[in-house]
Amino acid sequence: MKLELRGITKRFGSLVANDHIDLTVAPGQIHALLGENGAGKTTLMNVLYGLTRPDEGEILLDGQAREFRSPADAIGAGIGMVHQHFMLVPVFTVTENVTLGVERTRWPGLLDRRRARREVRELSQRYGLNVNPDAYVENLPVGVQQRVEIIKALLREANVLILDEPTAVLTPGETEDLFRIMRELKAGGRSIIFISHKLREVQAIADTITVIRRGSVVGQRPPTATGSELASLMVGRPVELRVHKEPARPGAVVLDADGLTVPDDQGNPAVKDLSLQVHAGEIVGIAGVQGNGQTELCEALVGLRPVGAGRLRLDGDDISRQTTRQRLAGGMGYIPEDRTEDGLVGDFPVADNIILDVYHRAPYARGIALDLGQVDSTAVSRVSEFDIRTTSVQAPTSTLSGGNQQKVILAREIGRDLRVLVASQPTRGLDVGSIEFVHRRIVEQRDQGVAVLIISSELDEIYALADRIAVMYEGRITGIRPPTVPVAELGLLMTGADGGPAGEPAGTEAPAGTEAQQLYVPQPAEQEAPPAPPGDGHD
Amino acid sequence: MTEQGGVGGSAPRASTDPGGTEPGRPPFGKVIIQAIIQGNSVVVTVAAFAAAIVIGGLLIAFTDPVVLHAWSQFTAAPGNAFAQAWDSAAGAYAAMFEGAIINPHTVASALQYNSISAAFQTGSVSAIFDPLSETAVNATPLIFAGLSVALAFRAGLFNIGGTSQFIGGALLATWLGFGVPLPLVLHAIVVLIGAFAGGAAIGWVVGALKAWTGAHEVIVTIMLNYVMIYLLSWLLGTSAMQRPGRADLITPFIDGNAQLPHLAGPSLRINASFLIALAAAAGVWWLLQRSTIGFEFRSVGANPRAARTAGMSVTGSWVLVMTIAGGLAGLAASAVVQGTDHTLTFQSYGTYGIDAITVALLGRARPLGTVLAALLFGALHAGGVAMQGLTQTPVDIVTVIQALIVMFIAAPPLVRAMFRLRGARAAGPEQALAKGWNG
């Protein structure tokens, strides 16, 4: 089925989210839609999937104009979508989930479970999805849940499959699995629209790449286009893809975790007997798939979660029992994983968020009285120093873009004199320009002698920043490597040191570690030497 | 992804945790109240008031037997039916206005005297200001109790416990008032502090239970209301508190030294408590907007997780804000015990605790708004009493109008539709998408 979008325009008030977008997806084509966050990719797909009505333009299927009033119309026309947030019922089996809404029945209206199960199994086998139809969704790893979503779309006879940022939640191995499945689907004659902002993945899988910037199509490129060409198209200016940094000159140990055990909310250990030292003037990156104790480790470091056992030292002083405020006062800076939940009070003005953890100290407070003039002048100078784009320092922080919100946090945290900076997913969801900015500032801190600990599930980021890479798996450090380590080795460490399919729950038969290296082979055009942040060190 | 209303930052976490609950999502009730307080413009508030007055007028008219009789003969005299309905409602509201703001008859009778001094001596000047005095007197406890609810709400807590905190303050204040002989001025101040302390103690219990055991403040405050009501009923019957020679639940009068002075002569009930209430509103404003403590309260109320991450003590803020809020509700008891009644009965706590929630909502949880809303309710009460006396309309209509105001405030889309206002959120879900377009 040939899909054509002609002159799609969608406005939200004065904002033009999609400006006369033309897009043609040929049958059996993997068509990548590349653009920064907020470029209008999702809006375009919402139009295509019937979630939003376009103001202008038309959708053509095999040359015939179609109008989608709801997702049901789009599904009926053979368009399937795998959302970034999966729409699955955790306590249902795979078969129950995929047949939900299109239940197979037999006379007199009984569920035909056998037929449903058979169909799921057939689809699974035909496209190498490796999904057990009887597994409960809640027991499945994220990568397999995604495949369940794909089966759901296939069962509804989707000829065009929209995958919205499908790799954001996957490990390198799972990503490679997904790409293999995408190729199988393509061989079966189905077309795929692959939405991403990760250059390398787009280059690896797409047949054609359409780049969107600020709601308009700015170019179409073959997958052989270089990373820097795509990146500058995406951002609209030449982009520095590599973080420039001198070799680290590590000093004394600043942050010392010694046999740290941290319980999760249920009281089970999430971090197990973890020992790690971060020296002044170095960046240690913690790599690992999300949910392996990184969040709990961060919270324990900052004092938001009690330490179960072990010692935490800052410059040799035991801080394991200190409150968050004491630790912050002792020179710890913290960039939380979830900036809107943990980092900012969205309703507060930018100025208030800039002083959110120093408001009680001089010069911002005299006794219990706030010095609003001082708060304001500090905010004004920070806003210009960190290039925070806001209408005023009194604007509510929630009105800022993600990149500028992160700059507010950065301005607050590294605006103080730090001894150690803990940054968790510091660039998640940010555009290339903001990533560049955040990375530069973090390296700057290192060069000033701050001990920096980065926790990130993006390998690119770890490679770009870290002077040493520690891999975390099931609450433990499975290995510490120099940044020259090949991706395949990290992939093995990320699934447990022995590299086997350990910890793979029911429902998948894919060996996780072995295929990882295929995707992360550095792009020849960009690669110079192996510290292997292969070319486009940003996503 | 992140085009969808800025949820992108937490997207991978939500996806990796299919069965998990989303942390940090405030409970539904709090979301609604937040929406009421933040989403309503002043225009909506005024429009809601107007709508309540109109519907209240219809209720007044169509519960009046005269009007009903006229309408039963509608076909014979349709004009009369409408005229009777209008007269009934207009008469009731006019009486209400005369009881709450100013009564033209008192002005006219004062003007009959040739000299100003004569007018003062006969009391006809003070009669002119009697309605306003009554409005202020009725508003005073509502200002205190409304501030209590508003302050707690700004820290994210829903204080339903105005009643128990009022009783706590009233018991301590009354006992200090009649039981402890002290000199002039000092006695009044001690009793005032006692009222604050009594309420604060009850508020502290709520905050401490929430902070240390996780008990929900709504449940705790409601339960404490019962505890304090029965404590009051028991204590008023003991020899320590009951007025000698009385069988009903009433305490002795408090000492003259402990009473708050009248502001405009003995014939008007307005007293210093009204000024203290205004000062308290100014104090709460300063605390919230200009102090580090208020900064903490507001941070904890707006995003407790971010507040904790920034090193604030969320539990400490809860305890402190409930203590201060309890103290404010205790001061409402001072307005009654020290200001007007000079004694404590089993009826003294009235409905202040519940009305305070309405007042704080109407005032959008801001000190100035709370004062204005309390004055409005004070006027409705003062006017309602006059209305019942002059016309045969029952005073309960005031309660109905109050309830209608709250209903309209709580249903802004309805009010907007009725008055064809363009709502701030008219764009609905599309606006969320547009917002996300910025990144």
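Colleague: What makes the six strands of chain A a single open sheet, and what is their order?

Modeller: In this predicted model, the six strands follow the order 6-9-10-3-11-12 in chain A, with mixed pairing. A strand is a DSSP run of E with at least two residues, and a helix a DSSP run of H or I with at least four, both numbered from the N terminus. Two strands are said to pair if DSSP finds at least two bridges between them. Strand 6 (79–82) and strand 12 (216–221) of chain A are the edge strands, for each pairs on one side only. From one strand to the next, the twist averages 20°.

Colleague: How do you know that strand 11 and strand 12 of chain A pair, and what is their direction?

Modeller: Strand 11 (residues 208–213) and strand 12 of chain A are joined by five bridges and run antiparallel. The definition asks for at least two bridges, so five are enough and the strands count as paired. Within this pair, Thr210(A) lies opposite Gln220(A), and Val211(A) lies opposite Gly219(A). Strand 11 and strand 12 of chain A also form a hairpin with two residues between them, and Arg214(A) in the turn has a positive phi of about 50°.

Colleague: Which strand runs parallel to strand 11 of chain A?

Modeller: Strand 3 of chain A does, joined to strand 11 of chain A by four bridges. Ala32(A) stands opposite Ile209(A) in strand 11 of chain A.

Colleague: Why is strand 11 of chain A called largely enclosed?

Modeller: Buried means under 20% relative accessible area, exposed means over 50%, and partly exposed lies in between (1.4 Å probe, protein chains only). Five of the six residues of strand 11 of chain A are buried, so the strand is largely enclosed by the rest of the structure. Across chain A, 59% of the 539 residues count as buried.

Colleague: What makes strand 14 and strand 17 of chain A edge strands?

Modeller: They belong to an open sheet of four strands in chain A, in the order 14-13-16-17 with antiparallel pairing. Strand 14 (269–279) and strand 17 (317–318) of chain A each have a single partner strand, so one side of each is left without a neighbour in the sheet. Strand 13 (residues 253–263) and strand 16 (residues 309–314) of chain A are joined by five bridges, and Arg313(A) in strand 16 is the bridge partner of Asp256(A).

Colleague: Why is the set that holds Leu421(A) and Met96(B) called a nonpolar core?

Modeller: The name applies because a nonpolar core is a set of buried Ala, Val, Leu, Ile, Met, Phe, Trp, Tyr and Cys residues joined through side-chain atoms within 4.5 Å. The largest such core has 137 residues, and those with the most contacts inside it include Leu421(A), Ile442(A), Met96(B) and Phe295(B). Its largest share, 13 residues, comes from helix 15 (residues 314–341) of chain B. Another core, of 50 residues, lies apart from it, with Ala32(A) and Phe194(A) among them.

Colleague: Which residues does Leu421(A) touch?

Modeller: Contact means heavy atoms within 4.5 Å. Not counting residues up to four places away in sequence, Leu421(A) touches several residues, including Tyr334(A), Ile414(A), Ile442(A) and Val452(A).

Colleague: What are the conventions of the model?

Modeller: Residues are numbered from 1 along each chain as its sequence is written, while chains are lettered from A and ligands numbered from 1 in the order in which they are written. Local features need pLDDT of at least 70 and side-chain atom pairs count only at pLDDT 80 or more, whereas totals for chains, interfaces and linings use all residues; side-chain values use heavy atoms, leaving out hydrogens and water.

Methods: Axes are lines fitted to C-alpha atoms, for helices over the stretch in contact, and angles run from 0 to 180 degrees between N-to-C directions.
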